[in-house]
Amino acid sequence: MSPAVCDAQAVKVAVDLADLSLEELGNLRVTTVALREERLLYAPASIFVITQDDIRRSGAKSLPEALRLAPNLEVAQVSATTWAITARGFQNVITNKLLVLVDGRTLYTTVLSGVLWDAQDVMLEDVERIEVISGPGAALFGANAFVGVVNIISRPAKDTQGSLVALGADTHNQNVAVRHGGKIGEDGAYRLYAMHSERENLRPPASGVADDSSKTQLGFRTDFGTPVRGATLQGDAYDARIDGNGAPSTKLTGANLLGRWTTEAAGGTRFKLQGYYDHTTRDDPVGFKDRVTTLDLESQADLPAWGMHRISVGAGYRYAIDATTPTPVLRFIPNDRRLHWASAFAQDDITLSPTLSVTVGAKAQTAIYVNPEFMPDLRLSWNPSPRQLFWMAASRVARTPGRVDRELFVPGNAPFFIRGGPDFQSEEGRVFEVGHRAQPTKSLTYSIAIFYSRLDQLRSGRLAPGGGAFISNEVEGTTSGIEAWALLQATDKWRLTAGLLELRQDLRAKDGSGSLNGPSNLGNDPRHTVKLRSSYRVTESIDFDVSWRYVSSLAYLTTVPSYQAADIRIAWRPQRDLELSLTGADLLHRGHVEFDEHGFPAVIPRAAYAQLRWSF
């Protein structure tokens, strides 16, 4: 479960991030690594922060496109409506090993224990920053943080006063978003927003898979007090329809309401309490029909420093009612299920010397299918100088079973070809990491992390008595790799960003297991990913941005070869509050394929996206 600390008010930046130097960016305060504020430069994890200015200058039209900016993420567009996003392997359309949060609210479906990106969206203009951690976060965030954490933090309502209109379109996408914010009394603020998007089909008609989408989303946020003593209430609601290619229409609806309260006691202890209600429905006649209602409560206490110790403790409880309706394709047995999770964590940051510290943390989590999981984490940090950090980490991670592992049956009526695994246990991993981050000059910042994971009990299939197969824990192996990125402020107006991700996987069926497909169903990951960006401010009113990426072929799908993609964006501000931009996407060729889900891969086409953004 996600901690109740992911508050958009955690960082207060007084100027536009476009005007920050690299030194000032290094001084940004992040919250995801330690569950409390710390300087980005000193955070002992492989973390990359996507700022609001990064998002704006990328020309991103959706949240998954914005996540492409993180060099430590694998992001592949599967179709107009579907994405495969992960860190350190296991790329698939479910995203069941990467924890994704929006202001502390977990984005995953209870049925699949993963993120379905066609149902998730945010107004990008309201995002303050996105903290992307690759590597285990289970000791603080729970079992879904197997390979990483994406923490999307929205701007406080006081920072979005007045009105804003954003319009954008190309041949395959149309977007409109409006927002208005104001004050409530002396210490309160609010904002309201509405947005609508249209996505045109990218899958071939022969696929028979719906891919056209139309989605409307509304939301609000109110803040009172200060980040130390204050309260937040926010919520969203959406309605979407996906059709096309002769397939029956899929209907998606959802609504959530989140509240957060923070205070500081007289002795210096800081308390945070968060709760949210979330209701979603998915009516997919071809896939599955699902209705989920979730209630989540979490608390955290940060104790005042005591000698060399800084201790944080917390607890959480989540309850969900999941109701499914069988389709000809699949069913869950039983159709309906009541689910619950409970967790508690503790973390101690121990200062051994002015330059050396160690962090010891662990989380215990219960779920209905398995015994309680204990997920410890140990991190050693060394700061030989104020501008550099070395860290080492060792962690145990676990992904607890979801309904898709225990209770899924395919097709929707007997005889079943695939049966849920009644004995399916948690997937397990032991992860080791070393890293170095530094700012040797005011114009250069870089980070490098090397990781190695020993994995066991991974999901696979096994022949069932009487025919067919059942889901079981049949795969083991290792993953290893290197993540590196660098920022160079070449001149006052020109910034360069480079990222590299190298991934090696050695996954295999256990001896004597009888696994049907071994590791091939665990994800399809490129071995090499390289990303380059150039952000140049030509004048005070003109920006010129270029990005390029190379992604090698996928390990298990020969139909997806390596590809390169280059985008160019030029923006003009005839006045301070008005921006016109044109983004040319995939300029190196007419189109490319990034992922293959059904044997009918979508071709991501070359496009020119025009956008107007006006605030008043």
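Okay, so β21 and β22 make a hairpin, and six residues sit between them. Keep in mind that what you see on the screen is a predicted model. β21 covers residues 356-366 and β22 covers 373-385, and the two pair antiparallel over ten bridges. If you want one spot to click on, try Ala364, whose bridge partner in β22 is Phe374.

Now carry on along the chain. Which strand does β22 join through seven bridges? That's β23, residues 388-399, and this pair runs antiparallel too. β22 and β23 also form a hairpin, with two residues between them. Here the pair to look up is Leu378 with its bridge partner in β23, Ala394. So β22 takes part in both hairpins, one with β21 and one with β23.

Right, over to the surface. There's a nonpolar patch out there, with about 680 Å² of accessible area together. Who's in it? Trp494, Tyr536, Val538, Phe544, Val546, Ile568, Ile570, Leu582 and Leu587. And which elements give two or more residues to that patch? Those are β30 (528-539), β31 (542-551) and β32 (563-575).

Let me pick out one member, Val538, which is found in strand β30. Why does Val538 count as partly exposed? Because its relative accessibility is 34%, and partly exposed is the range between under 20%, which is buried, and over 50%, which is exposed. That 34% also fits with Val538 being in the patch, because patch residues need over 30% relative accessible area.

One last thing to hold in mind while you rotate the strands: in a regular strand, side chains alternate between the two faces of the sheet.

Methods. Residues are numbered from 1 along each chain as its sequence is written. This is a predicted model: local features need pLDDT of at least 70, side-chain atom pairs count only at pLDDT 80 or more; totals for chains, interfaces and linings use all residues. Side-chain values use heavy atoms; hydrogens and water are left out. Patches are made of residues with over 30% relative accessible area and no salt bridge: like charges are joined within 9 Å, nonpolar side chains (Val, Leu, Ile, Met, Phe, Trp, Tyr) within 5 Å. Accessible areas come from the Shrake-Rupley method with a 1.4 Å probe; for residues, only the protein chains shown count as cover. A salt bridge is a side-chain nitrogen of Lys or Arg within 4 Å of a carboxyl oxygen of Asp or Glu. Helices (H or I, at least four residues) and strands (E, at least two) are DSSP runs, numbered from the N terminus. Buried means under 20% relative accessible area, exposed over 50%, partly exposed in between (1.4 Å probe, protein chains only). Two strands pair if DSSP finds at least two bridges between them.
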